[in-house]
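Let's take a walk through this structure together, one piece at a time. Keep the 3D view open as you read.

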Amino acid sequence: MEKELSHFNKNGEVHMVDVGEKPITNRVAIAKGEILMAEATLKIILDGSSKKGDVLGTARLAGIMAAKNTSGLIPLCHPIQITKISLDFLPINQENKIEIVASVNSLGQTGVEMEAMTAVNIAALTIYDMVKAIDKGMMISNLRLVLKDGGKSGKFEST
């Protein structure tokens with residue numbers, strides 16, 4: 001059975017979903033993505049020798065700011081009260097990449113999946129921006145939702 005797409009009204013027109021009658025519940029979403037790069041680039045990031053400064057610290061801050069501003073970027077995304085945002089960077093040396101994991105929590109009437117995925121994406125773009133002078137061939141990939149919990153639809157988990 002096909003689910004109804006909530007961002008379209010009965011006439012097929014785009015609209016913002018009314019979440020006013022939904023109960024307030026604890027919401028959490030975790031998203032992941034990765035940025036692949038040259039071995040030398042990863043070394044520069046990890047040893048902190050980038051001329052632009054702390055690459056991962058800056059990317060963490062950018063991801064947090066992005067999550068907080070998601071509703072201004074995605075047209076039908078509701079502004080929400082975020083209670084927590086965290087970003088982790090997991091270097092995978094043998095593959096010359098950094099996995100980015102964002103977790104976003106809210107106590108509200110709609111989920112935080114878009115905020116978590118936006119945080120990962122902007123953190124990856126910030127890494128790219130900070131070291132592009134030495135490695136323009138970096139590749140951002142595998143952006144995905146790995147956990148969503150709270151609300152009517154319940155829990156979703158992926159790998």
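A good place to begin is helix α1, where Thr41, Leu42 and Ile45 are buried. Seen down the axis of α1, these buried residues fall within an arc of 100°, so they line one face of the helix. Turn to the face pointing away from that buried side, and you will find the exposed residues Glu39, Ala40 and Lys43. What lies over the buried residues of α1? The cover includes α2, β2, β3 and α4. Just after α1 comes Gly48, which has a positive phi, near 75°. Please keep in mind along the way that this is a predicted model.

Next, follow the chain to helix α2, which runs over residues 55–68. At its start, a side-chain oxygen of Asp54 comes to within 3.4 Å of the backbone nitrogen of Leu56. The length of α2 can be checked with a little reasoning: at 1.5 Å a residue, its 14 residues should span 20 Å, and the C-alpha atoms at its ends are indeed 20 Å apart, which agrees.

Which residues of α2 are buried? They are Val55, Leu56, Ala59, Ala62, Gly63, Ala66 and Ala67. Looking down the axis of α2, you can see why they belong together: the buried residues fall within an arc of 135°, so they line one face of the helix. On the other side of α2, Leu61 and Lys68 are exposed. The buried residues of α2 are covered by elements that include α1 (39–47), α3 (70–73), β2 (82–92), β3 (97–108) and α4 (113–131).

Two of those covering elements, β2 and β3, deserve a look of their own. They pair in the antiparallel sense over 10 bridges, and Phe89 stands opposite Ile100 in β3. The two strands form a hairpin with 4 residues between them. In the turn, Asn96 has a positive phi of about 50°.

Now step back to the whole chain. It holds 4 helices and 5 strands, and along the sequence they follow the pattern β-α-α-α-β-β-α-β-β. The C-alpha trace spans about 55 × 30 × 30 Å along its principal axes. Of the 159 residues in the chain, 39% are buried. Among contacts with a separation of 6 or more, 70% are between residues 24 or more positions apart. Finally, the accessible surface of the chain comes to about 9,500 Å², and 55% of that belongs to carbon and sulfur atoms.

Methods
Residues are numbered from 1 along each chain as its sequence is written. This is a predicted model: local features need pLDDT of at least 70, side-chain atom pairs count only at pLDDT 80 or more; totals for chains, interfaces and linings use all residues. Side-chain values use heavy atoms; hydrogens and water are left out. The expected span of a helix is 1.5 Å times one less than its number of residues. Buried means under 20% relative accessible area, exposed over 50%, partly exposed in between (1.4 Å probe, protein chains only). The arc is that of the directions from the helix axis to the C-beta atoms. Contact means heavy atoms within 4.5 Å. A polar contact is a pair of N or O atoms within 3.5 Å; within protein, one must be able to donate a hydrogen and the other to accept it, and residues adjacent in sequence count only if both atoms are side-chain atoms. Two strands pair if DSSP finds at least two bridges between them. Accessible areas come from the Shrake-Rupley method with a 1.4 Å probe; for residues, only the protein chains shown count as cover.
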